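I opened the model today to look up a few local features and write them down in order. My notes follow the structure itself.

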Amino acid sequence: MADDYLVRIGKLIRDARQHRGWTQSQLAEALATSQSAVNRIERGNQNISLEMIARIGEALDSEIVSLGYAGPMHLRVVGGRRLSGSIDVKTSKNACVALLCGSLLNKGRTVLRRVARIEEVFRLLEVLNSIGVRTRWINDGVDLEITPPADLDMEAIDAEAARRTRSIIMFLGPLLHRMDAFRLPYAGGCDLGTRTIEPHMIALRRFGLDIAATEGLYHAQVDHSISPDRPIVLTERGDTVTENALLAAARHEGTTVIRNASSNYMVQDLCFFLETLGVRVDGIGSTTLTVHGVPSIDVDVDYSPSEDPVEAMSLIAAAVVTESQLTIRRVPIEFLEIELAVLEEMGLDHDRTTEYSADNGRTRLVDLTVRPSKLEAPIDKIHPMPFPGLNIDNVPFFAAIAAVAQGQTLIHDWVYDNRAIYLTDLNRLGGRLQLLDPHRVLVEGPTRWRAAEMMCPPALRPAVVVLLAMMAAEGTSVLRNVYVINRGYEDLAERLNSVGAQIEIFRDI
């Protein structure tokens, strides 16, 4: 029991340190101790007094640490409040994790600007640190510097952190160029039903990668004599599948053609990043990518990932369901044009500024102002399609939007096995959603939202949808165990509070 207590305390300290943007060395300096002592504390391998816990809490400005072990994070939401003012869209979660994996291609120093400080990123940083990659937050914790070692220590990989993120699957593409054999823990992440990695394997076998899955690990062997002799046709136009193929092709000498590729926002950001590494990519934004690979990459690069269209959609939905006037700034408009076209047909009152460029110089942004609107259910069903269709991750937000519209809306979430089921959690808050099958939900509006206390759904976007409905419901709601929201959103509660929401973060002590 004592050892378990120390491990829990260590994880809490580590999370607080990372949230502050400090390295272990910086915390050690503040405590007048050694970096190795901080490392032992965070791993639960050192006895720690209440006095030391209090000192750490003071250094990290974290009351939670000063109180010792605390349970999962919860949100207490006072609903029925109108939002106002303006809010900026943060950088893309999915782009940031792809770029972290892509940094493994580079022997030089990589700096990523305005990296999303989210749990998914923290888990990947833990994995990278465990295999010898040095990372540190710079410029007051805004930017991230990544410096790889000459050789990766895959035997030391943090398996627990790896299993908590599905993004670990994108290590396969870069690693096949760095070693002959390696092991990776099974990929985790959201509970969205069975998601096979076979499309990844079909693409990566063309580069000589062979994988056997046993005892919770992927055992990888690489035959470097094998290389693609014809275009690679992806069996699934998936984002991570395309990214893995790109990462494999980037250091494959010669030209690789990838067909049926995703052209989604995170794929484009990865292509732009590869170009800073000296890898030419033709066809960006299309379904055929031609990669002119280079066998060795050793450059110091600086790259700014673009803003997150799914977070932008979250904020649009927040304004709609709370009947608010809200300006959402830095919206990547080219990845939300279908969503906005659907919302216009439903009656959304909004306007947008002229377009301007993101910090990467390539992505088109606008500032978007949403006003209270009388919405009507769309005539056609809401369903996702690969880009440039309605984004797969934006489908859940239409459940909350449809719930405040007059009439019936059919939502067909055909991609995931069971995400639609989680949308019916809105019924606990007064929604009228009928599950027709594991992929289809019929939403009846308008809704008179009511407060409730409930557990957070184990899937990221449905969890945020529930939070938005709580913001619209008169009274006080409680959403318990919101780790999954922190996987994909940085300081979401605090940022919503800045535009008029009333959300309190608390833990069970």
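**Helices, loops and a cavity**

I began with helix H12, whose buried residues (buried meaning under 20% relative accessible area with a 1.4 Å probe and protein chains only, exposed over 50%, partly exposed in between) are Tyr265, Met266, Val267, Gln268, Asp269, Leu270, Cys271, Phe272, Phe273 and Leu274. Helices here are DSSP runs of H or I with at least four residues, strands are runs of E with at least two, and both are numbered from the N terminus.

Before going on I noted that this is a predicted model, in which local features need pLDDT of at least 70 and side-chain atom pairs count only at pLDDT 80 or more, while totals for chains, interfaces and linings use all residues. Residues are numbered from 1 along each chain as its sequence is written, and side-chain values use heavy atoms, with hydrogens and water left out.

Returning to H12, I found that 10 of its 12 residues are buried, so the helix is largely enclosed by the rest of the structure. I then checked its length: the expected span is 1.5 Å times one less than the number of residues, which for the 12 residues of H12 (265-276) gives 16 Å, and the end C-alpha atoms lie 17 Å apart, in agreement. Just after H12, Gly278 has a positive phi of about 95°.

Next I looked at helix H15 (residues 395-403), where nine of the nine residues are buried, so that this helix too is largely enclosed by the rest of the structure. Among its buried residues I listed Pro396, Phe397, Phe398 and Ile401.

I then went through the cis peptide bonds. One joins Phe387 and Pro388, with omega about 15°, and Pro388 lies in the loop between strand S17 (364-371) and H15. Another runs from Gly445 to Pro446 with omega near 0°, and Pro446 sits in the loop between strand S20 (440-445) and strand S21 (453-455).

For positive phi outside glycine, I recorded Asn260 at about 60°; this residue is in the loop between strand S10 (254-259) and H12 and is partly exposed, with a relative accessible area of 23%. I also recorded Glu323, whose phi is positive and near 55°, in the loop between helix H13 (309-321) and strand S14 (326-332); Glu323 is partly exposed, at a relative accessible area of 48%.

Which residues does Arg109 contact, leaving aside its neighbours within four places in sequence? Taking contact as heavy atoms within 4.5 Å, I found Glu145, Ile146, Thr147, Val299, Asp300 and Val301. Arg109 and Glu145 are 36 residues apart in sequence, yet their C-alpha atoms are 7.1 Å apart in space. Arg109 is in the loop between helix H6 (93-102) and strand S3 (110-112), and is partly exposed with a relative accessible area of 33%.

Last, I searched for cavities, a cavity being a set of points on a 1 Å grid over the protein atoms alone where a 1.4 Å probe fits but cannot get out, with lining residues having an atom within 4 Å of a point. The structure holds one cavity of 30 Å³ or more, and about 40 Å³ of space lies in the largest cavity. Its lining consists of Lys90, Thr91, Lys93, Ala116, Ile118, Asp308, Glu311, Gly488 and Glu490.

Key
On a 1 Å grid over the protein atoms alone, a cavity is a set of points where a 1.4 Å probe fits but cannot get out, and a pocket is an open set with protein on both sides within 12 Å along at least five of seven lines; lining residues have an atom within 4 Å of a point. Grid points are joined across faces, edges and corners, and a volume is the space filled by probe spheres set on the points.
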